[in-house]
Amino acid sequence: MGEPILSVRELVKHFPVRTGVLFKRTIGQVKAVDGVSFDLQQGETLGVVGESGCGKSTLAQVLMRLEEPTSGSATFQGRDLFQLRGAELRRMRREIQIVLQDPYTSLNPRMTVGDIVGEPFEIHTEVAPKGSRAKKVRELLEVVGLNPEHVNRYPHQFSGGQRQRIGIARALALRPKVIICDEPVSALDVSIQAQVMNLLGELQGEFGLSYVFIAHDLSVVRHLSTRVAVMYLGKIVEIGTEDEIYERPSHPYTQALLSAVPVADPAVRGQRQVIRLEGDVPSPIDPPSGCRFRTRCWKAADICATEVPKLEPRTDGHLSACHFAEVKSVVP
Ligand SMILES: Nc1ncnc2c1ncn2[C@@H]1O[C@H](COP(=O)(O)OP(=O)(O)OP(=O)(O)O)[C@@H](O)[C@H]1O
Ligand code: SF4
Ligand SMILES: [Mg+2]
């Protein structure tokens, strides 16, 4: 493998919890992202999966430089992402784009589709001279499967799936290298989800894009992902190739998530053992000592309360953060 395009090491983002009349007193920290490391290779898709509140969007916001990290480092194309300033920061803002979950709120309802998709050209004027913008916008609409004749329509005149295509066209406008997709299909009907996923797959091949693809559910990211990272309470608990995660998961949390993936075939569904997790996700303000998953883990032992399990090669060699990592095939 060559140099990763994006490399993240021990990334931490804590949000202070404030109280008092003027919210001046800090009484704790929300440990939203708490020591995340991964590499993203050129042209690959890294799926990032975990329950609500485990820190997926915070990770995305920090990598987009929309939130400052508490600590940790990241390099983008070999440069220190968090030190970029001025012209270099502007370039990075072109090269890393984001597609958000909700195509209803992420598009300005008072702007036409043409203005929304062309807006990045107004900010990064060097990418497209003024005279060529209208043509470029029409091309972008075509690339994402929208009718370029609809350039003067408003977001409310489109369906949910079409709106997400508008968001994707806007993200593509500046010819980025990396797109962070933060649950781009979660708000869409299942049939539309597949269409948007296929579009993202085609665009990846066409433009050589690398994706960080965030989702709640392991089934959503399977077909697009080269590798998958499973997050729990601010940490990656297991990361591996598609086969390693879906066929040979070794972390109990991954196994539980996989066992809950919807299966269409009733025969297969009947054979499968569903692992039901007890209790709720603990608060990220005060996560459990040792292994954060221990309060819901059926395998927890004394060591799990005292020693943080390292994310290191276990079982077949892929990284898993469990003292008792053990391959368990969940989906028959
Ligand atoms: N600006 C903020 N200030 C304080 N706490 C925050 C802030 N943003 C996020 N959090 C907290 O950080 C934790 C992680 O939130 P985040 O939105 O990253 O999770 P998520 O995995 O994207 O969840 P979801 O699947 O619901 O989108 C949550 O406990 C959330 O309440
Ligand atoms: S380290 Fe212990 S508590 Fe954590 S997942 Fe493994 S067995 Fe469960
Ligand atoms: Mg989120």
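**Exercise 1. Strand 10 and its partners**

Determine with which strand, besides strand 9, strand 10 pairs, in which sense, and over how many bridges.

*Solution.* In this predicted model, strand 10 pairs with strand 12 (residues 319-320) in the antiparallel sense, and two bridges join them. Within this pairing, Ile-239 stands opposite Leu-319 of strand 12. Turning to strand 9 (residues 227-232), one finds that strand 10 pairs with strand 9 in the antiparallel sense as well, here over six bridges. As an example of the register, Val-228 has Gly-240 in strand 10 as its bridge partner. Strand 9 and strand 10 are joined as a hairpin with two residues between them, and Leu-233 in the turn has a positive phi of about 45°. The last step concerns burial: strand 10 (residues 235-241) is mostly covered, since six of its seven residues are buried.

**Exercise 2. The geometry and faces of helix 6**

Compare the expected span of helix 6 with the distance between its end C-alpha atoms, and then establish which residues are buried in helix 6.

*Solution.* Helix 6 (residues 190-207) has 18 residues, which at 1.5 Å a residue should span 26 Å; the end C-alpha atoms are 26 Å apart, so the two values agree. The buried residues to consider in helix 6 are Val-196, Met-197 and Leu-200. Because these three cover an arc of only 105° around the axis, they lie on the same side of helix 6. The face turned away from that buried side carries the exposed residues Ser-191, Gly-205 and Glu-206. The elements that cover the buried residues of helix 6 include helix 5 (160-172) and strand 7 (178-182). Just after helix 6 comes Gly-208, which takes a positive phi of about 60°.

**Exercise 3. The open sheet**

Give the order of the four strands in the open sheet and the sense of their pairing.

*Solution.* The four strands follow the order 2-1-4-5, and the pairing is antiparallel. Strand 2 and strand 5 (79-80) are the edge strands, as each pairs on one side only. Inside the sheet, strand 1 (residues 6-19) and strand 4 (residues 71-76) pair in the antiparallel sense over five bridges, and Ser-7 has Thr-75 in strand 4 as its bridge partner.

**Exercise 4. Two ligand shells**

Describe the shell around ligand 1 by its nearest residues, and state how the residues of the shell around ligand 2 divide by character.

*Solution.* Of the 13 residues around ligand 1, those that come nearest are Phe-15, Ala-32, Ser-52, Ser-57 and Thr-58. Strand 2 (25-40) and helix 1 (56-63) each supply at least two residues of this shell, and helix 1 gives the most, with three residues. By character, the shell around ligand 1 divides into five nonpolar, seven polar and one charged. For ligand 2, the division is nine nonpolar, one polar and two charged; the surrounding residues include Cys-291, Cys-297, Cys-304 and Cys-322, together with Arg-294, Lys-299 and His-323.

**Exercise 5. The setting of Asp-217**

Decide whether Asp-217 is buried, exposed or partly exposed, and locate it in the chain.

*Solution.* Asp-217 sits in the loop between strand 8 (210-215) and helix 7 (218-221). It has 16 other C-beta atoms within 10 Å; a buried residue would need 20 or more and an exposed one 12 or fewer, and Asp-217 is therefore partly exposed. Leaving aside neighbours within four places in sequence, Asp-217 is in contact with Val-49 and Val-261. Cys-304 lies 87 residues from Asp-217 along the chain, and their C-alpha atoms are separated by 26 Å.

Technical notes. Residues numbered from 1 in each chain as written. Chains lettered and ligands numbered in written order. Predicted model: local features only at pLDDT ≥ 70, side-chain atom pairs only at ≥ 80, totals over all residues. Near = placed C-beta within 6 Å. Nonpolar A, V, L, I, M, F, W, Y, C, P; charged D, E, K, R; others polar. Pairing = 2+ DSSP bridges. Expected span 1.5 Å × (residues − 1). Arc of directions from axis to C-beta. Contact = placed C-beta atoms within 7 Å.
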